[in-house]
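Please work through the following exercises with the sequence and the structure at hand. Each task is followed by a solution in steps.

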Amino acid sequence: MEVLRSILSCFSSRSRTRARAQSHHGLWSSGASDKNKSMVEQLQRYGVIRSTKVTEVMEAIDRGLFVPPGGTPYHDSPMPIGYNATISAPHMHAACLELLEKNLQPGMRALDVGSGTGYLTACFALMVGPEGRAVGVEHIPELVATSIENIKKSAAAPHLNDGSLSIHVADGREGWPELAPYDAIHVGAAAPQIPEALIEQLKPGGRMVIPVGTVFQELKVVDKKLDGTVGIRDETSVRYVPLTSKESQLHAR
Ligand code: SAH
């Protein structure tokens, strides 16, 4: 990933040159989306993104709208978003979208636990469309408020208006039972073990992607089969902030 990171940083400087060239022709506004497109191209080149749908969605949702000012949204690294939280790196968002793609078809229901900036919830909303539901749950109210402002500026804004995208202040370890069961559940923070409520809220045929562990963490793929039995496999080693209580998160050093 170091290689990808350095290639990405090279690439963004190349794309800055191109944005400058375009601004010369009066196309100022194309700069940010150009850099976002370049980031997506790099993720494709490195085989992190393989699906056309994931490509389209990551091109449509400009990551620059979700990273706080002063950050480097198009570099392949996590960024601090305040409250001891981070927005995940682009390759992690891409990998999770790829793993969940079959469970993010139009009309399906998706739950994003620890929705933070709202970036992935916005991607889910575009994938499941107006007939589906994309639900974010985040326990820091200020992050929920900011995420809604971010989404309003993004290509997912219509989904806030038509009610197919919603973000709620709650403890995500309990899921969001009101709209269960879900075809797809993404957890953006590492749980010491998989919360039972989230397994319960997974639809038969549904898939959950969740980082599990404390110091050493594995991204687990949890598949609920049609007969209700659950299969769990390890996808890759990861490093996420903990899925914990609001108090422990805010007082962590
Ligand atoms: N996926 C998001 C944020 C990742 S950081 C993004 O990429 O923008 C993990 C997020 O989980 C943080 O915003 C943190 O506040 C939240 N979180 C941690 N424990 C939680 C809990 N018990 N319930 C809800 N949200 C939680």
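**Exercise 1.** Determine how far an oxygen atom of the ligand is from an N or O atom in the side chain of His93.

*Solution.* The model is a predicted one. In this model, the distance between an oxygen atom of the ligand and an N or O atom of the His93 side chain is 2.9 Å. A polar contact requires a pair of N or O atoms within 3.5 Å, so the pair qualifies.

**Exercise 2.** Find the distances at which Glu138 and Gly172 approach the ligand with polar atoms.

*Solution.* Begin with Glu138: a polar atom of its side chain is 2.7 Å from an oxygen atom of the ligand. Continue with Gly172, where a backbone N or O atom lies 2.7 Å from a ligand nitrogen atom. The ligand on its own has 570 Å² of accessible area, and the protein covers 99% of it.

**Exercise 3.** Describe the surroundings of the ligand.

*Solution.* First, locate the ligand: it sits in the largest pocket. Next, consider the 24 residues around it, of which His93, Thr117, Glu138, Gly172 and Thr244 come nearest. Then sort the shell by type: 9 residues are nonpolar, 12 polar and 3 charged. Finally, strand E2 (residues 85-87) gives the largest share of the shell, 3 residues.

**Exercise 4.** Which geometry does the aromatic pair of Phe66 and Tyr119 have?

*Solution.* The count is 1 aromatic pair. Its rings, those of Phe66 and Tyr119, are 5.6 Å apart centre to centre, with 90 degrees between the planes. Planes over 60 degrees apart count as edge-to-face, so this pair is edge-to-face. Phe66 belongs to the loop between helix H3 (52-60) and strand E1 (79-82) and Tyr119 to helix H5 (residues 119-128), so the pair ties together parts 53 residues apart in sequence.

Methods: Residues numbered from 1 in each chain as written. Predicted model: local features only at pLDDT ≥ 70, side-chain atom pairs only at ≥ 80, totals over all residues. Heavy atoms only, no water. Near = heavy atom within 4 Å. Polar contact = N/O pair within 3.5 Å; in protein donor to acceptor, adjacent residues only side chain to side chain. Areas by Shrake-Rupley, 256 points an atom, 1.4 Å probe, with all protein chains shown as cover. 1 Å grid on protein atoms, 1.4 Å probe; cavity = no way out; pocket = protein on both sides within 12 Å on 5 of 7 lines; lining within 4 Å. Sits in = over half its atoms within 2 Å of the grid points. Helix = DSSP H or I, 4+ residues; strand = E, 2+ residues; numbered from the N terminus. Nonpolar A, V, L, I, M, F, W, Y, C, P; charged D, E, K, R; others polar. Phe/Tyr/Trp six-rings, centres within 6.5 Å; stacked < 30°, edge-to-face > 60°.
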